[in-house]
Amino acid sequence: MSQVDAAEDARFMARALRLAERGLYSTDPNPRVGCLLVRAGEIIAEAWHERAGEPHAEALALRQAGERAQGATAYVTLEPCCHQGRTPPCTEALIKAGVARVVAAMQDPNPRVAGQGFARLRAAGVLVEAGLMQAEAEALNPGFIRRMRDGLPWVRCKLAMSLDGRTAMASGESRWITSDAARADVQRLRARSSAIVTGIGTVLADNPALNVRIDPVTGRPPATGSAPRQPPRVVLDSQLRLPSDARLLALPGQTLVMTAVTAEHPRWSSLEAAGAEVLACIPSRTGQIDLGRALRELAHRECNEVLIEAGPRLAGAALRCGWIDELWLYLAPHLMGDAARGLFHLPGLERMDERIGLELLDARQIGGDLRLRLRPREGVETMATGLAATAGQEAGQGVHV
């Protein structure tokens, strides 16, 4: 391949990735995928997967191109599917349309595809190339990839703090630490998530809505007659202290309460009557909520990306047990004093070599605040340990909330 051809491939794949981004808030639980059809150096069709149950990006692009797809190159951000799901296999549509070449950014981690789509195309005489801009494609779908490979969602933890690392005054007052612009940014983060997880302490203290209140694309309140997708709200509540009149139970969308008690608890039926689904997540002997089991349950429910919005106890437990993949910290330029509440509850850290290291991935100004995106340095290793221990966890893997 000449340098000119390679540059053209990169340019077209970059465009396919930008198309895939348009599905950031709507494709769940499917991956975000973009597709371009190019013939003689000209884009003849382009599309992206818009929402689950509707045609995939390849099918939409082929529909646009019609007979012009014969002999074209398809640039796709994910290996075309080869199985019958809610929509027909894209491999067969590409073959039938006479596409001559497929350039894919990455192999599909779904075991039902996982290279079989490429093999089907090659068997039909289609030239297949894979791996172009793979890192960029993977960054679009971290949760889908994690769920397919490990049976877990990608977990983000969002926290807002003052310059001196405080999340609330000693009285519990916390509205508002950050600016309107930062809170709008959090709305977009919620909108791309598959579920929003909090602890009962946060619910009792703040009575939060935990819903999406803006159109994530326009950044404005949704137009009359339309409503944004509402990710399920998940409350970790060991002893079922959630009030039946909690604000989040009265809002559109699902509320799931994960608890450490059984269905015989007197509050169980009253919460179900208030509209919640109640589910026990109990590790052996501890009476705590099993975080690993809770996350696996969410993955089983096809949750790709989970957002934790909680207080220091739950945030600290999730970080300590290695379940957090990314931290999103909104840093406001003010001071709240020594008596104010801290960011994480991390008991037992006494020496410098016990520090939890964080890698800075991104820093940018959002309104008058600073948004830091970080990754725990030991996240992958700690997660692996947590996975191995999930079946028979000790008390340290659970959390009292």
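Two strands count as paired here if DSSP finds at least two bridges between them. Keep that in mind for the tour, which runs through a predicted model.

**Stop 1: the whole chain**

Start zoomed out, with everything shown as a cartoon. You're looking at twelve helices and 16 strands. Along the principal axes, the C-alpha trace spans about 65 × 50 × 50 Å. A compact globule of 401 residues would have a radius of gyration near 21 Å, and this protein comes in at 23 Å, which agrees. Switch on a surface and you have about 18100 Å² exposed, with carbon and sulfur atoms supplying 52% of it. Of the 401 residues, 49% count as buried. If you like contact maps, take the contacts with a separation of 6 or more: residues 24 or more positions apart account for 70% of them.

**Stop 2: the nine-stranded sheet**

Now hide the helices and colour the strands E10-E9-E8-E7-E12-E6-E13-E15-E14, in that order. That's an open sheet with mixed pairing. Select 277-280 (E10) and 358-366 (E14) to see the edges: each has a single partner strand, so one side of each is left without a neighbour in the sheet. Look down the sheet and follow the twist, which averages 25° from one strand to the next.

Bring two helices back. Residues 142-150 are helix H6, which packs on the sheet and touches E6 (154-162) and E12. The direction of H6 makes about 135° with that of E6. Then add 291-300, helix H10, which also packs on the sheet. H10 touches E6, E7, E8 (233-236), E9 (255-259), E10 and E12, and its direction makes about 150° with that of E9.

**Stop 3: strand E12 and its partners**

Zoom in on residues 305-308, strand E12. On one side of it E7 (195-199) pairs in the parallel sense over three bridges; E6 is also parallel to E12, joined to it by four bridges. Show sticks for the facing residues:

- Ala-195 stands opposite Val-306 in E12.
- Ile-196 stands opposite Leu-307 in E12.
- Cys-157 stands opposite Ile-308 in E12.

Which residues of E12 are buried on each of its faces? Glu-305 and Leu-307 are buried on one side, and Val-306 and Ile-308 on the other, so both faces are covered.

Click on Leu-307, which lies in E12. Its relative accessible area is 0%, so it is buried. Select its contacts beyond four places in sequence: Arg-156, Lys-158, Leu-189, Arg-190, Ser-193, Ala-195, Ile-196 and Val-197. For a long-range distance label, try Trp-154: it sits 153 residues away along the chain, yet the two C-alpha atoms are separated by 8.6 Å.

**Stop 4: helix H2**

Jump to 57-65, helix H2, and show Ala-57, Glu-58, Leu-60, Ala-61, Leu-62 and Ala-65, which are buried. What do they pack against? Strands E1 (34-39), E2 (42-48) and E3 (73-76), plus helix H3 (90-97). Step on to Gly-66, which follows H2 and has a positive phi near 60°.

**Stop 5: the cysteines**

Select the sulfurs. How many disulfides does the structure hold? Zero. Cys-81 is a good one to check: its closest cysteine sulfur, in Cys-90, is 3.7 Å away, too far for a bond because a disulfide needs the sulfurs within 2.5 Å. Cys-81 is buried at 7% relative accessible area. Cys-157, which you met next to E12, has its closest cysteine sulfur in Cys-321, 13 Å off and too far for a bond. Cys-157 is buried too, with a relative accessible area of 0%.

**Stop 6: backbone oddities**

Finish with three loops and a torsion readout.

- Asp-28 to Pro-29: this peptide bond is cis, with omega near 5°. Pro-29 is in the loop between helix H1 (3-21) and E1.
- Asn-207: phi is positive, near 45°, in a residue other than glycine. Find Asn-207 in the loop between helix H8 (200-206) and E8; it is partly exposed, at 33% relative accessible area.
- Leu-240: phi is positive here as well, about 55°, although this is not a glycine. Leu-240 belongs to the loop between E8 and E9.

Is Leu-240 buried or exposed? At 2% relative accessibility, it counts as buried.

Conventions
Residues numbered from 1 in each chain as written. Predicted model: local features only at pLDDT ≥ 70, side-chain atom pairs only at ≥ 80, totals over all residues. Heavy atoms only, no water. Axes fitted to C-alpha atoms, helices over the stretch in contact; angles between N-to-C directions. Contact = heavy atoms within 4.5 Å. Buried < 20%, exposed > 50% of the residue type's maximum accessible area, 1.4 Å probe, protein only. Rg over C-alpha atoms; globule rule 2.2 N^0.38 Å. Areas by Shrake-Rupley, 256 points an atom, 1.4 Å probe, with all protein chains shown as cover.
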